[in-house]
Amino acid sequence: MNTTKYPQIPGITLTNTEILLVAKSINIPPAALKAVQVVETAGRGGFIASGKPTILFEGYIFWKQLLIRKINPMQHTNGNADILYPKWDRSKYQGGPYEYARLKRACSINEEAAYCSASWGLFQIMGFNHSQCGIANIHEFVKLMAESEYQQLKLTVTFLKNNNLLSPLRQCNWSHFAQVYNGAGYAQNHYAEKLSEAYKKAVELFR
């Protein structure tokens, strides 16, 4: 897995002032929102050096998305073991721009399913959740994700509202939040603990 840290692109980076203002508008601690940001992209930000949104392609989600579209994934597995598989496999991640190489190959099978199978931006919202972000189609979702980290934040807030996740953030109920936001594997990934630690550090930024 490539672990290179890619620099932020000037002019599109989310500021703590913007986080503070958005957090106040939805009545949650700004440190809670900051904690989600830090944990989701491990501090790397919402864009890679090329200016494209940070993504992580999920081959097991791609499997499911093809099935939803009545496409048999078994017919496309030859030579695609790193982008198409039935169960979550962390070893397939490559990171940074290399995730776009995986995405491009998936698009050659089915573009819509491929876009829906990546997590996008600063808060790593899965593409198939675009409607829960208030966006009717995946292509518009991807376009908005490419605008700025602030736009990524706005999409995320809509997602949080539509999934009843504002209350857990207000209460810093990390286990509840993690289970809904990160899925059934949250405990295995120590997601709640990571959020709790990130929150404690972020509190100092907003004193």
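## Helix packing and core contacts in a predicted model

Helices α9 and α10 are oblique to each other, since an angle of roughly 120° between their axes falls outside the ranges for roughly parallel, roughly perpendicular and roughly antiparallel. The model described here is predicted.

The axes of α9 and α10 come within 8 Å, and their crossing is right-handed. Helix α10 covers residues 191-203, while α9 covers residues 174-182. On the α9 side, the contact involves Trp174, Ser175, Phe177, Ala178, Tyr181 and Asn182. On the α10 side, the partners are Tyr191, Ala192, Leu195, Ser196 and Tyr199. By residue class, this contact has eight nonpolar, three polar and no charged members.

A second helix pair is formed by α6, residues 138-145, and α7, residues 149-162. Their axes also come within 8 Å, and the crossing angle is roughly 135°. Helices α6 and α7 are therefore oblique to each other as well, because only angles over 145 degrees count as roughly antiparallel. Phe141, Leu144 and Met145 of α6 meet Gln151, Gln152 and Leu155 of α7. The residues of this contact divide into four nonpolar, two polar and no charged.

The two crossings are set out below.

| Helix pair | Axis approach | Crossing angle |
|---|---|---|
| α9 and α10 | within 8 Å | roughly 120° |
| α6 and α7 | within 8 Å | roughly 135° |

Residues from these helices recur in the nonpolar core. In soluble globular proteins, nonpolar side chains tend to be buried together. The largest nonpolar core in this model has 57 residues. Those with the most contacts inside this core are Leu33, Phe62, Trp120, Phe141, Leu160, Phe177 and Tyr181. Of these, Phe141 takes part in the contact of α6 with α7, whereas Phe177 and Tyr181 belong to the α9 side of the contact with α10.

Leu160 links several of these names. Apart from neighbours within four places in sequence, Leu160 is in contact with Leu33, Leu165, Leu166, Leu169, Phe177 and Tyr181.

Leu169, one of those partners, is found in helix α8. Its relative accessibility is 0%, so Leu169 counts as buried. Residues up to four places away in sequence aside, Leu169 touches Ile28, Pro29, Ala32, Val36, Leu160, Trp174 and Phe177. The C-alpha atoms of Leu169 and Pro30 are separated by 9.7 Å, although the two residues are 139 apart along the chain.

Two loop residues have backbone angles worth noting. Most residues other than glycine have a negative phi. Asn27, however, has a positive phi near 60°. Asn27 is in the loop between α1 (16-25) and α2 (30-41), and at 55% relative accessibility Asn27 counts as exposed. Cys172 likewise has a positive phi, near 55°. Its place is the loop between α8 (166-170) and α9 (174-182). With a relative accessible area of 22%, Cys172 is partly exposed, because the cut-off for buried is under 20%.

A further loop position is Ala81, between α3 (59-68) and α4 (98-107). Ala81 has 52% relative accessibility and therefore counts as exposed, the cut-off being over 50%. Its C-alpha atom is separated by 37 Å from that of Tyr199, with the two residues 118 apart along the chain. Tyr199 is one of the α10 residues that meet α9.

Definitions and conventions: Residues numbered from 1 in each chain as written. Predicted model: local features only at pLDDT ≥ 70, side-chain atom pairs only at ≥ 80, totals over all residues. Heavy atoms only, no water. Helix = DSSP H or I, 4+ residues; strand = E, 2+ residues; numbered from the N terminus. Buried < 20%, exposed > 50% of the residue type's maximum accessible area, 1.4 Å probe, protein only. Core = buried A, V, L, I, M, F, W, Y, C linked by side-chain atoms within 4.5 Å. Contact = heavy atoms within 4.5 Å. Axes fitted to C-alpha atoms, helices over the stretch in contact; angles between N-to-C directions. Parallel < 35°, antiparallel > 145°, perpendicular 65-115°, else oblique. Left-handed = near helix turned anticlockwise from the far one by under 90°. Nonpolar A, V, L, I, M, F, W, Y, C, P; charged D, E, K, R; others polar.
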